[in-house]
Amino acid sequence: MQVWPVQRFSKAGRTAPRICGMAGVFSYESSEVDWCEDNYRHSETVAEFYNTVSSFIFFLFSPLMLYLLHPYAKERSRAVHLVWFMMIFVGIFSIYFHMTLSYVGQMLDEISILWVLAVGYALWFPRKHFPSFIKNRVEFSVLVFLTTVFSTLSSFAKPTVNAYALNCIALHILYCLGLELRSCTNPRIHRLARVSVFWWALAIACWLSDRFLCNFWKRINFCYLHSIWHVLIVVATAHGSTLIAYFDALHEIPHALPEIQYWPKDHWSLGVPFIAIRGSSKTQKEC
């Protein structure tokens with residue numbers, strides 16, 4: 001198959017080669033998505049330097065959350081570790097995307113996020129909210145898997161809208177959390193919910209501002225909002241996923257007596273939340 005070389009100017013004025021055809025999806029700047037940070041301003045090989053570097057936050061939080069949630073995973077299901085294990089791949093693909101701004105990098109970045117959400121839904125979505133035709137979590141997980149496969153294939157139809165669709169899923173998560181909080185009287189849990197929403201709202205504000213107010217940020221020479229988004233969304237995910245897992249533990253393993261604590265010090269307001277297990281399956285009564 002013949003391919004045709006195309007020249008594309010980056011925002012920094014650097015000319016980057018782009019190839020049309022099958023090979024083109026791997027080429028630099030083959031993605032239609034381009035963030036506000038000037039391309040190749042700090043490196044000749046890294047398209048968006050700060051967006052790339054900030055993606056390393058995934059490699060800091062993922063191992064920490066795997067460690068902190070291990071007691072809960074032992075009691076609930078080792079599959080819980082899949083969420084933060086897959087977040088490592090989100091970080092890898094985010095680095096690749098922002099380094100190259102390639103079409104393949106964009107799709108890998110967005111699809112990996114989609115599958116993290118799918119695993120979270122399969123593990124933690126409350127049984128009481130299952131569709132009427134679903135009998136158990138295995139059937140629900142199959143439904144989530146099939147829906148995610150369809151969504152993965154559909155994401156290639158209009159890649160530029162994928163990120164907006166992924167962010168909209170957060171609205172449904174907030175709705176489900178709101179339903180759970182109605183019957184919760186624990187002030188510590190309500191505080192975690194408020195902090196989680198705060199971090200998420202701040203992250204979304206940065207994402208939208210970088211997307212739609214780029215000209216303003218360029219005028220004041222501050223084009224780092226998407227890199228700040230990376231940090232904030234990981235922090236929000238750590239808080240939000242812990243809150244969701246807490247409600248799951250209350251429903252699925254109440255004998256474990258779950259409670260929210262913070263690392264490194266439980267009294268620190270800006271600590272990382274995790275689920276502490278005060279009981280265990282050994283203390284569960286057998287009939």
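The torsion about the S-S bond that links Cys36 and Cys214 is about 90°, so this disulfide is right-handed. The model in which it appears is a predicted one, and the sulfur atoms of Cys36 and Cys214 are placed 2.2 Å apart in it, which falls within the 2.5 Å that a pair of cysteine sulfur atoms must satisfy to be taken as a disulfide. A disulfide is a covalent bond between the sulfur atoms of two cysteines. A search of the whole structure finds one such bond, and its two ends belong to separate parts of the fold: Cys36 sits in the loop between strand 2 (15-20) and helix 1 (49-54), whereas Cys214 belongs to helix 9 (residues 214-219), so the pair ties together parts that are 178 residues apart in sequence.

The surroundings of the bonded cysteines can be described through their accessibility. Cys36 has a relative accessibility of 1% and therefore counts as buried, since the limit for that class is under 20%. Cys214, with a relative accessible area of 16%, is buried as well. Two further cysteines may be set beside this pair: Cys184 is buried, at a relative accessible area of 13%, while Cys168, at 47%, is partly exposed, because the partly exposed class covers values between the 20% limit for buried residues and the 50% limit for exposed ones.

From the disulfide, the reader can turn to the protein as a whole, which contains ten helices and four strands. Followed from the N terminus, these elements run β-β-α-α-α-α-α-α-α-α-α-α-β-β, so that two strands precede the run of helices and two strands follow it. Of the 287 residues in the protein, 48% are buried, and the accessible surface comes to about 15,100 Å², with carbon and sulfur atoms accounting for 68% of that area.

How are contacts in the protein distributed along the sequence, once residues at least 6 apart are considered? Among such contacts, 62% join residues that are at least 24 apart. A local example of contacts across the sequence is offered by Ser227, whose place is in helix 10 (residues 225-252). When residues up to four places away in sequence are not counted, Ser227 touches Tyr50, Asn51 and Ser54, and these three partners carry numbers that lie within the range of helix 1 (49-54). Ser227 itself is buried, with a relative accessible area of 9%.

Note on methods: Residues numbered from 1 in each chain as written. Predicted model: local features only at pLDDT ≥ 70, side-chain atom pairs only at ≥ 80, totals over all residues. Heavy atoms only, no water. Buried < 20%, exposed > 50% of the residue type's maximum accessible area, 1.4 Å probe, protein only. Contact = heavy atoms within 4.5 Å. Areas by Shrake-Rupley, 256 points an atom, 1.4 Å probe, with all protein chains shown as cover.
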